[in-house]
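The following report describes the helices of a two-chain model, their packing against one another and the residues that lie between them. It is meant to be read with the coordinates open.

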Amino acid sequence: MAAEAAAATGPAFLELAVQAGLLIASALTLLAGYRVVRGPTTPDRVVGLDTIGTNVVAIALLFSFATGFGPFVLVGLVLAIIGFISTITVANYVTEGDIVR
Amino acid sequence: MTAAEVGLLRAVVVTALIAVGSFFLLVGTVGLLRLPEVYNRLHATSKATTLGAASMFLAGFVYYGPGGTGLTSLLGIVFLFLTAPTGGHVIARAAHRMGVEFYGDAEWPWALEDEAEPEAD
């Protein structure tokens, strides 16, 4: 990967741990998609999307470790904020049938 | 901002925190897939997944040191611990208002139509 040229110089096991964490978090994001597609009720889907959001935050952080590019931590923070706002909005829409009252 | 040389001790701590975070993310997602209904799934994800992501943020603080990016990571932990319980509460209330049944013979301690919690006698 071209991104690894800028990677921080650390011990080899740190590199391995970051790669393994990326693999696990990506697989979990895909698995949570099952609950979004098959969830019997709408709140199930919302919970699945919330979990996907949290996993993507973890992926952003791990990617920041893999490339040594600090501002990706900010990407994770902003993704967490967007996930929170979307969860509140969807829950409000489900109960009230309207987003802005 | 380019990352500095990562020392051995710091690399060990970051690796341990990444392992803990991956474990909690795994537990939360398995709970999301395996538990029987929405309240149980919410119980699994809103705690375990939050702890996993917070552990990743803490790894970010250790990795980048007490500087600008490290402080952003600490802010992420505070933000996650404020928003995850709120989001879980809102989803659970929405599910209850929609009339999603509890699993088994569990039931709400008071009638939903009253809206407010009943006065203590």
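## Helices, contacts and core

Just after α3(A), the residue G97(A) adopts a positive phi of about 75°. In this predicted model, a comparable feature is found in the other chain, where α3(B) is followed by G99(B), whose phi is positive, near 90°.

Chain A contains 3 helices and 0 strands, and its elements run α-α-α from the N terminus on. Chain B likewise has 3 helices and 0 strands, with its elements in the order α-α-α from the N terminus on. Of the 101 residues of chain A, 45% count as buried, while of the 121 residues of chain B, 40% count as buried. Among contacts in chain A between residues at least 6 apart in sequence, 52% join residues at least 24 apart; in chain B, residues 24 or more positions apart account for 63% of the contacts with a separation of 6 or more.

The table sets out the end-to-end spans of three of the helices.

| Helix | Residues in helix | C-alpha span, end to end | Expected span |
|---|---|---|---|
| α1(A), residues 12–38 | 27 residues | 40 Å | 39 Å |
| α3(A) | 25 residues | 36 Å | 36 Å |
| α3(B), residues 68–98 | 31 residues | 44 Å | 45 Å |

For α1(A), the 27 residues should span 39 Å at 1.5 Å a residue, so the 40 Å between its end C-alpha atoms agrees with that expectation.

Which residues of α1(A) are buried? They are L14(A), A17(A), V18(A), G21(A), I24(A), A25(A), L28(A), A32(A) and R35(A), and what covers them includes α2 (42–67) of chain A together with α1 (8–34) of chain B.

The packing of α2(A) with α3(A) can be described by an angle and a distance: the axes of the two helices come within 8 Å and cross at roughly 175°. Because an angle over 145 degrees counts as roughly antiparallel, α2(A) is roughly antiparallel to α3(A). On the α2(A) side, the residues making the contact include T42(A), V46(A), D50(A), G53(A) and L61(A), and on the α3(A) side they include F72(A), V73(A), G76(A), L79(A) and V94(A). By class, this contact has 14 nonpolar, 7 polar and 1 charged residues.

The buried residues of α3(A) are F72(A), V73(A), G76(A), L77(A), A80(A), G83(A), F84(A), T87(A), V90(A) and A91(A), and their cover includes α2 of chain A together with α2 and α3 of chain B. S86(A) also lies in helix α3 of chain A, but this residue counts as partly exposed because it has 15 C-beta neighbours inside 10 Å, whereas 20 or more are needed for a residue to be buried. The C-alpha atoms of S86(A) and G53(A), which are 33 residues apart along the chain, are separated by 9.9 Å.

In α3(B), the buried residues include T69(B), S73(B), G76(B), L80(B), A84(B) and I91(B). What covers the buried residues of α3(B) includes α2 and α3 of chain A together with α2 (38–64) of chain B.

Between the chains, 45 residues of chain A are in contact with 48 residues of chain B. The elements giving two or more residues to the side of chain A that touches chain B are α1, α2 and α3 (72–96) of chain A, and α2(A) gives the most, with 15 residues. By class, that side of chain A has 28 nonpolar, 14 polar and 3 charged residues.

The largest nonpolar core has 55 residues, and those with the most contacts inside it are A58(A), L61(A), L62(A), M56(B) and I91(B). At least two residues of this core are supplied by each of α1, α2 and α3 of chain A and α1, α2 and α3 of chain B, with the largest share, 15 residues, coming from α2(B). Leaving aside its neighbours within four places in sequence, L61(A) is in contact with V73(A) and G76(A) of chain A, and with M56(B), F57(B) and G60(B) of chain B.

Terms used. Residues numbered from 1 in each chain as written. Chains lettered and ligands numbered in written order. Predicted model: local features only at pLDDT ≥ 70, side-chain atom pairs only at ≥ 80, totals over all residues. Helix = DSSP H or I, 4+ residues; strand = E, 2+ residues; numbered from the N terminus. Expected span 1.5 Å × (residues − 1). Buried ≥ 20, exposed ≤ 12 C-beta atoms within 10 Å, placed from the backbone. Contact = placed C-beta atoms within 7 Å. Nonpolar A, V, L, I, M, F, W, Y, C, P; charged D, E, K, R; others polar. Axes fitted to C-alpha atoms, helices over the stretch in contact; angles between N-to-C directions. Parallel < 35°, antiparallel > 145°, perpendicular 65-115°, else oblique. Core = buried A, V, L, I, M, F, W, Y, C linked by C-beta atoms within 7 Å.
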